[in-house]
Amino acid sequence: MKKTIKKAVILCGGRGTRMMPYTKSQPKEMLPVLTTPLLQKIIEQVVETGIKEIFIVISDSKECIINHFNGLFPDVKISYGKQTKMEGTGPATMIAKDFINHEPFLLIFPDELMLDQNPYQVLINDFNKHQTTVLSSYRIPLADAHKYGIIIPKKGNEIKGIIEKPKTNPPSNFASLGTYVLVPEVLDFIKEHNNGEGEICIVDAINKLSKLRHVELTGKRFDLGSPLGFAKANAYVALQELPDFKTWLKEIL
């Protein structure tokens with residue numbers, strides 16, 4: 001019997017240091033894209049895929065997320081878990097273990113926004129066809145490979161894994177983005193692997209899975225974890241939704 005993706009886990013426990021001082025008092029996930037918080041836009045895309053169960057990992061300083069989403073999606077069950085220690089993405093994912101309940105799931109790191117394409121639907125479609133872990137990827141210049149986790153290709157869309165920020169000789173020009181559809185077995189590997197810096201990274205666990213795939217995303221990608229990406233996202237959306245903004249922009253350039 002084919003399995004389907006019914007659940008999504010979103011990791012929102014990080015500190016967002018790249019967006020200080022805003023993130024000193026506000027979660028980075030609530031950065032506005034015009035008048036809509038980033039996390040709301042992400043959840044809207046998740047809901048478009050048909051997922052109706054979402055688990056959000058937060059930290060003590062991010063309870064405003066609960067207040068914002070209270071009643072906002074009445075047909076979706078949104079639950080929460082608290083990350084009390086910054087021990088890495090592996091333990092953060094483990095907080096959702098009971099929610100995952102031995103089912104395949106969508107895992108999202110909400111630092112980025114993809115427009116003109118629903119990235120979660122692309123991943124889910126691939127999983128529905130191949131029934132195995134699939135990672136999102138994005139084509140980048142090879143010169144930028146040291147900034148990303150890079151896909152290690154195998155055959156076609158099958159991959160060997162991810163290498164984190166290679167300093168030389170990157171195996172491909174596909175960056176692994178922070179969105180995956182994972183099989184529940186990944187949880188069995190999380191505690192066994194340490195990245196050498198005191199944090200347990202979920203990428204180490206993903207690399208131990210026997211079958212891995214990637215799909216290339218082709219939408220407009222914005223890194224809202226950086227000031228430049230935040231500015232670009234707002235400008236792009238403003239150009240689409242506010243006709244007078246384009247006129248004003250031409251006047252000042």
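Display the accessible surface of the protein chain in this predicted model. The protein chain exposes about 13200 Å², and carbon and sulfur atoms supply 51% of that area. Beneath this surface, buried residues account for 50% of the 253 residues.

Next, select the charged side chains. The protein chain carries 32 positive and 28 negative side chains; the centres of these two sets lie 4 Å apart.

Now switch to a backbone trace. The C-alpha atoms fill a box of roughly 55 × 45 × 40 Å along the principal axes. The radius of gyration of the protein chain is 18 Å, which agrees with the value near 18 Å for a compact globule of 253 residues.

Colour the trace by secondary structure: 9 helices and 13 strands should appear. For the contacts between residues at least 6 apart in sequence, 72% join residues that are at least 24 apart.

The tour then moves to a single residue. Select β10 (158-164) and β11 (174-182), and follow the loop between them to S172. Is S172 buried or exposed? S172 is buried, because its relative accessible area is 10%, under the 20% limit for that class.

Show the side chain of S172 together with the backbone of I151 and F174. The S172 side chain reaches the backbone oxygen of I151 at 2.7 Å. A polar atom of the same S172 side chain lies 3.2 Å from the backbone nitrogen of F174.

Finally, select the surroundings of S172. Apart from neighbours within four places in sequence, S172 is in contact with L142, I150, I151 and P153.

Note on methods
Residues are numbered from 1 along each chain as its sequence is written. This is a predicted model: local features need pLDDT of at least 70, side-chain atom pairs count only at pLDDT 80 or more; totals for chains, interfaces and linings use all residues. Side-chain values use heavy atoms; hydrogens and water are left out. Helices (H or I, at least four residues) and strands (E, at least two) are DSSP runs, numbered from the N terminus. Buried means under 20% relative accessible area, exposed over 50%, partly exposed in between (1.4 Å probe, protein chains only). A polar contact is a pair of N or O atoms within 3.5 Å; within protein, one must be able to donate a hydrogen and the other to accept it, and residues adjacent in sequence count only if both atoms are side-chain atoms. Contact means heavy atoms within 4.5 Å. The radius of gyration is taken over C-alpha atoms; the globule rule is 2.2 Å times the number of residues to the power 0.38. Accessible areas come from the Shrake-Rupley method with a 1.4 Å probe; for residues, only the protein chains shown count as cover. Lys and Arg count as positive and Asp and Glu as negative; His and the chain ends are not counted. The place of a charge is taken as NZ of Lys, CZ of Arg, CG of Asp or CD of Glu.
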